Amino acid sequence: MPADTVASVADLLDDRSHHIEFNGHLTNHVKHAVIALAELGAPEALIRDYHKNYAQLTAYGFPLEPARSSPGVIYSGNWREFLGQRVHFAAYCGFFDAEIARLGTTAAVARYTPELLRGWIGAFTHAAIHLGWAVHAEHPGMIAEALAYLAFSFVPVVDEARPPAGEPAAGPWDALLELSRSWAEDDTFGTTVRNVLSDTDAVTRLHPELNRSGLQARVAAVAHSGIGELAAESVWAATLPPQTRQAEVRRAVTLLYLAEPGDFVVLHLITSLFAVEVLARTLDSEPATARLYDLYWAGARIILAAERKIPQPEKLRDLAELYPENGRDHSNSAAAEFDVIARRSWLEEEEHNPKLVFVLRQWWNQLGWNAYRHAAGQFTRTPELPPSFEEPPTE
């Protein structure tokens, strides 16, 4: 990100006066909003007011919580011991601050990201988002914070021993259609997923803090189950040319969002994909990038199945016809419409909306595909918290 875009509000990214989560496991998103609003051209006063108001009362109706100290010390010999236990966040921040000072930002990201992103679905993708957006903002302190959050909330996407893929899909769009057909037509697959979701005790024994969370417990349980259709390797991640892979994954998740316009869950697949793209550029290694896309696609399948957000294949095909890949539109009127969408997003209390607009406008600037513009205007709403939130958090 150009330095002058965020320079006037960089102190907001420096701020560590609040914990990374609140009311149990809800994520503190305020720095994501600062970056998105700055990138969308929002006035500095508006960004500062947003930051202040979010800290006092988030869209969920709870304030942010003060930063917490850590009873333990994290160092090079024990940093893996506490992965996913939601403990020692401040100590992890200190460890990664020191590693960035020792190695430099790029080398520290390259050293720790490949391993930590195995757990990117933890905290419902927000730790991965935090890292990608921090790297985009070129902010070392926020990068350390994000690496700490990945360690803090780590939930493995797949085991090291993965089931072999069946007939490999040619690309992400075909893979999405294949998942959609399986969900619609394969009773065994659907029953297996539903059985996992009906009893999340196995995973909450491993991650007891998720017992109250609903969504995060379901995602972790489905990941832990190792269901073949969800955990199998995506061969196309390593075989497609890099530019083709990037464009086709973007296309698949954007059409998925248009199939569920405004859907809170699917929106996260867009903002986390942006993070994956930023991190891939930082790693600057084709094998590492292919692995990131493979992990991303496995995590996306797990999330879609856990939250039952898999559209009918007919709907996906119809959307693909409505939005052909050559539907380019970089006209002045299209640009003006995107400007209005961006200005609308400044007014939103729900910070996911300016993030959505920023990512899709970035992609539209590059490719001009009209689906990006249409999806950007489909704002989401903060979901209602489940009844389990009436119980105090497990920490």
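The overall architecture of the protein is described below, followed by helix α20 and two residues of helix α16.

The structure is a predicted model, in which local features require pLDDT of at least 70 and side-chain atom pairs count only at pLDDT 80 or more, whereas totals for chains, interfaces and linings use all residues. Residues are numbered from 1 along each chain as its sequence is written, and side-chain values use heavy atoms, with hydrogens and water left out.

The secondary structure comprises 21 helices and 2 strands, assigned as DSSP runs (helices, H or I, at least four residues; strands, E, at least two) and numbered from the N terminus. The radius of gyration is 20 Å, close to the 21 Å that the globule rule gives for 395 residues, so the protein is as compact as a globular protein of that length; the radius is taken over C-alpha atoms, and the rule is 2.2 Å times the number of residues to the power 0.38. The C-alpha trace spans about 55 × 50 × 45 Å along its principal axes. Of the 395 residues, 57% are buried (under 20% relative accessible area, with a 1.4 Å probe and protein chains only). Contacts are defined by heavy atoms within 4.5 Å; among those between residues at least 6 apart in sequence, 78% join residues at least 24 apart. The accessible surface, obtained by the Shrake-Rupley method with a 1.4 Å probe, amounts to about 16,000 Å², and carbon and sulfur atoms contribute 50% of this area.

Helix α20 (residues 352-367) contains 16 residues and should span 22 Å at 1.5 Å a residue, in agreement with the 23 Å between its end C-alpha atoms; the expected span is 1.5 Å times one less than the number of residues. The helix is mostly covered, with 12 of its 16 residues buried, including Trp363 and Trp364. These buried residues pack against α3 (30-39), α7 (126-137), α15 (242-259), α16 (264-283), α19 (332-346) and α21 (370-376). Just after α20, Gly368 adopts a positive phi of about 70°.

Within helix α16, Glu277 is buried, with a relative accessible area of 3%. Beyond residues up to four places away in sequence, Glu277 touches Gln246, Arg250, Tyr293 and Trp363; of these partners, Trp363 is among the buried residues of α20. Thr282 also lies in α16 and is buried, at a relative accessible area of 19%. With neighbours within four places in sequence set aside, Thr282 is in contact with Thr106, Val109 and Val135.

Key:
Buried means under 20% relative accessible area, exposed over 50%, partly exposed in between (1.4 Å probe, protein chains only).
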